[in-house]
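This briefing covers strand pairing and the main pocket of one protein chain. The model is predicted.

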Amino acid sequence: NLNWLDLSDNNIRGEVPFWVWNGSFNAMQYLNLSRNFLTGLDRYYPINPLLMYTMDLSHNILKGPPPEAPPSILSYLVSNNMMTGALPPWICNLSSAITLDLSSNDLTGVLPVCLGNISKSLMILNLKGNNFHGTIPEILVRGTRLTMIDLSDNQLQGKLPRSLANCKMLEFINFGNNFIMDTFPSLLRSLPELRVLILRSNKFQGVIERPRSSSTFLKLRILDLSNNAFIGKLPMEFFQSWNAMKSEMGNFTYMYKYLTPSRYLTYTYYGIYDFSMTVIYKGLNLYYPKISKVFMIIDLSSNFFKGEIPG
């Protein structure tokens, strides 16, 4: 009747043995084997298609395609491995997913259209640090709970999906280090919870227009537009409504999200997902595994702005 197995943060090596998946633990809900030295999954088959809620295999040295997750999965965490290939078709069946993190692998191919229509409950989508190419799918789910999207450090092209403006719960957007060619995404100004917007090292161009409303980027604290091709003057009105940057320091807390679903099991811990980012400071890449809510950054370097610095 084992339903909880956590062997994370050890020095376990080799393959995950077959007994983990062979039906011995029919009630398994939570499996955490992260931060070990696991290289593979012996005769892997997705377990407990009706009960498995959390699978965390991150920070290992797993190779090959991502292991299949059952449709019941809420948190699928396989970041920081050596996985290869395209996103598998079964990813489109994860209609209950809250967190999908396949970041920092060697995955390739285009992002499937279904990625924008997987789950109404999806809060975290992290695919950074892979080799995905092509365009970013539109987000088609109405009433989405999407809070964090990180597609940085890939080879994505085209324009930003306009449907991002409908994701009213978004707090964190990072599309840095891609080949996106677009103008400044003015539609994102109305997102009421947006705190982090990173668009650096792409092919954004054109003038940043004056906002038509004073209620723009009200909670924004981190803006990185560096290494693009923006031109023209910086409108003063662009900065005046950034109330979060004018506020007092407040409590020293971090940006994170509880992974508890809307319907949860009693006495069950679903985990916390910390937001993270990389900042370029004086030519150095500084990685922040956690982002303080009092952190403030404006980086407009390596563009073609002109005129006076707004007061």
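The points below take the parallel sheet, then a hairpin, then the largest pocket.

The model, a predicted one, contains an open sheet of five strands with parallel pairing. It also has a hairpin made by strand 22 and strand 23, and its largest pocket holds about 770 Å³ of space.

**Parallel sheet**
- The five strands of the open sheet run in the order 6-8-10-12-14.
- Strand 6 (63-64) and strand 14 (155-156) are the edge strands, and each pairs on one side only.
- Two bridges join strand 12 (residues 131-134) to strand 14, in the parallel sense.
- Within this pairing, Q155 in strand 14 has H133 opposite.

**Hairpin**
- Strand 22 (residues 277-281) pairs with strand 23 (residues 284-288) in the antiparallel sense, over five bridges.
- L284 in strand 23 stands opposite Y281.
- Two residues lie between strand 22 and strand 23, and K282 in this turn has a positive phi of about 55°.

**Largest pocket**
- The lining of the largest pocket comprises 31 residues, of which R35, S58, H59, I272 and Y273 are the closest to its centre.
- Strand 3 (30-32), strand 5 (54-56), strand 7 (75-77) and strand 21 (272-274) are the elements that give two or more residues to the lining.
- Strand 21 gives the most, with three residues.
- By class, the lining has 14 polar, nine nonpolar and eight charged residues.

Key: Residues are numbered from 1 along each chain as its sequence is written. This is a predicted model: local features need pLDDT of at least 70, side-chain atom pairs count only at pLDDT 80 or more; totals for chains, interfaces and linings use all residues. Side-chain values use heavy atoms; hydrogens and water are left out. Two strands pair if DSSP finds at least two bridges between them. Helices (H or I, at least four residues) and strands (E, at least two) are DSSP runs, numbered from the N terminus. On a 1 Å grid over the protein atoms alone, a cavity is a set of points where a 1.4 Å probe fits but cannot get out, and a pocket is an open set with protein on both sides within 12 Å along at least five of seven lines; lining residues have an atom within 4 Å of a point. Grid points are joined across faces, edges and corners, and a volume is the space filled by probe spheres set on the points. Ala, Val, Leu, Ile, Met, Phe, Trp, Tyr, Cys and Pro count as nonpolar, Asp, Glu, Lys and Arg as charged, and the others, Gly among them, as polar.
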